[in-house]
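Visitor: I should like to take a close look at a single part of this protein. Please begin with one residue and then proceed to its surroundings.

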Amino acid sequence: MKLEDQYQRILSGQMYDDLTPELVTARERTVLLTNQYNASFGQPAPEREAILKKLLGHIGQGVHFEPTFRYEFGNHIQIGNNFYANFDCVMLDGGGIEIGDNVLFGPKVGIYTSNHAFDAWERTHGACYAKPVKIGNNVWVGAGVHINQGVTIGDNTIIGSGSVITKDIPANVVAAGVPCRVIREITE
């Protein structure tokens, strides 16, 4: 199966074989490309953004990752304007990641759109499935947050440090915890 066909299967949510030579090679290529971006730290912002435009599906203006940034495929990541990710951001983007405008990530934020099969035999033979993650506009994600597959975070929301997000979080709230839950609405 061609790489593009495999990407379509992954994005469709069907079970796929994560160990095919094409996907292994794609991830190896991604590591080399992210090394290039991470090594550009300290260069002018337009130069760094030009590298990101080659690596990711779409980025807006003012997108910045502190070192080190890691992702799985890249072409399934869409980021709006004015995005900042602090140190050690990881995006496993098999299922697709959409991030709105004016979003801030603390250090060590991870987004994981893919998951391994529940059946042990299937899992050991590379079976995985993926679901998209969507993050709205004006969202602040605190340090050490893990965002699991299939999650949507609404506009203007704040996610507290150390949270593990397993379910959708609505707009205009402060949420935190393991698992992450709404603490309160954001008010004046």
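Visitor: By its relative accessibility, does Lys108 count as buried or exposed? Please continue from there to the sheet and its surroundings.

Guide: Lys108 counts as exposed, because its relative accessibility is 52% and the cut-off for exposed is over 50%. Please bear in mind that this is a predicted model. Lys108 is located in the loop between β9 and β10. Its phi is near 60°, a positive value in a residue that is not glycine. Asn102 likewise has a phi near 60°, positive although the residue is not glycine. Asn102 belongs to the loop between β8 (97–99) and β9 (103–105), and at 35% relative accessibility this residue counts as partly exposed.

From the loop that holds Lys108 we may pass to the sheet. Five strands form an open sheet in the order β4-β7-β10-β15-β18, and the pairing is parallel. The edge strands are β4 and β18, each of which pairs on one side only. As a general point, the strands of a sheet pair through backbone hydrogen bonds, either parallel or antiparallel.

Let us follow the sheet from the edge strand β4. Strands β4 and β7 run parallel and are joined by three bridges. Here Phe69 stands opposite Cys89 in β7. Both partners are buried: Phe69 has a relative accessible area of 1%, and Cys89 has a relative accessible area of 1% as well. Strand β7 (residues 89–92) has two faces, of which the covered one carries Cys89 and Met91, while the uncovered one carries Val90 and Leu92. Next, β7 pairs with strand β10 (residues 110–112) in the parallel sense, over three bridges. Within this pairing, Tyr112 in β10 is the bridge partner of Leu92.

At the other edge, strand β15 (residues 146–147) pairs with β18 in the parallel sense over two bridges. His146 has Val164 in β18 as its bridge partner. Just before β18 comes Ser163, in the loop between β17 (158–159) and β18 (164–165). Ser163 is buried, because its relative accessible area is 0% and buried means under 20%. Leaving aside residues up to four places away in sequence, Ser163 touches Gly144, Val145, His146, Ala175, Ala176, Gly177 and Cys180. His146 is therefore worth noting twice: His146 is among the contacts of Ser163, and Val164 in β18 is its bridge partner.

What of the cysteines met along the way? The structure holds zero disulfides. Cys89 is in none, and the nearest cysteine sulfur, that of Cys180, is 17 Å away; a disulfide would need the two sulfur atoms within 2.5 Å.

We return now to Phe69, where the sheet meets a group of aromatic rings. Tyr37, Phe65, Phe69, Tyr71, Phe83 and Phe105 form one aromatic cluster. In total the structure has seven aromatic pairs. In one of them, the rings of Tyr37 and Phe69, the centres are 6.4 Å apart and the planes stand at 85°, so this pair is edge-to-face. The pair links distant parts of the chain, since Tyr37 is in helix α2 (residues 21–39) and Phe69 in strand β4 (residues 69–71), 32 residues apart. Like Phe69, Tyr37 is buried, with a relative accessible area of 1%. Tyr37 has a further partner: the charged end of Arg48 sits over its ring, 4.2 Å from the ring centre.

The loop that leads into β4 has a feature of its own. Pro67 and Thr68 are joined by a cis peptide bond, with omega about -15°. Thr68 is in the loop between β3 (63–65) and β4. A second cis peptide bond runs from Val178 to Pro179, with omega near -5°. Pro179 lies in the loop between β19 (173–176) and β20 (181–185).

Finally, helix α2 brings us to its neighbour α1. In helix α1 (residues 3–11), the residues Gln6, Tyr7 and Ile10 are buried. Seen down the axis of α1, the buried residues fall within an arc of 105°, so they line one face of the helix. The reason is a general one: an α-helix has 3.6 residues a turn, so residues three or four places apart point the same way. Among the elements that cover the buried residues of α1 are β1 (16–17), α2 and β12 (127–130). Just after α1, Gly13 takes a positive phi of about 90°.

How values were computed. Residues are numbered from 1 along each chain as its sequence is written. This is a predicted model: local features need pLDDT of at least 70, side-chain atom pairs count only at pLDDT 80 or more; totals for chains, interfaces and linings use all residues. Side-chain values use heavy atoms; hydrogens and water are left out. Helices (H or I, at least four residues) and strands (E, at least two) are DSSP runs, numbered from the N terminus. Buried means under 20% relative accessible area, exposed over 50%, partly exposed in between (1.4 Å probe, protein chains only). Contact means heavy atoms within 4.5 Å. Rings of Phe, Tyr and Trp (its six-membered ring) pair if their centres lie within 6.5 Å; planes under 30 degrees apart count as stacked, over 60 as edge-to-face and the rest as tilted. A charge sits over a ring if NZ of Lys or CZ of Arg is within 6 Å of the ring centre and within 35 degrees of the ring normal. Two strands pair if DSSP finds at least two bridges between them. The arc is that of the directions from the helix axis to the C-beta atoms.
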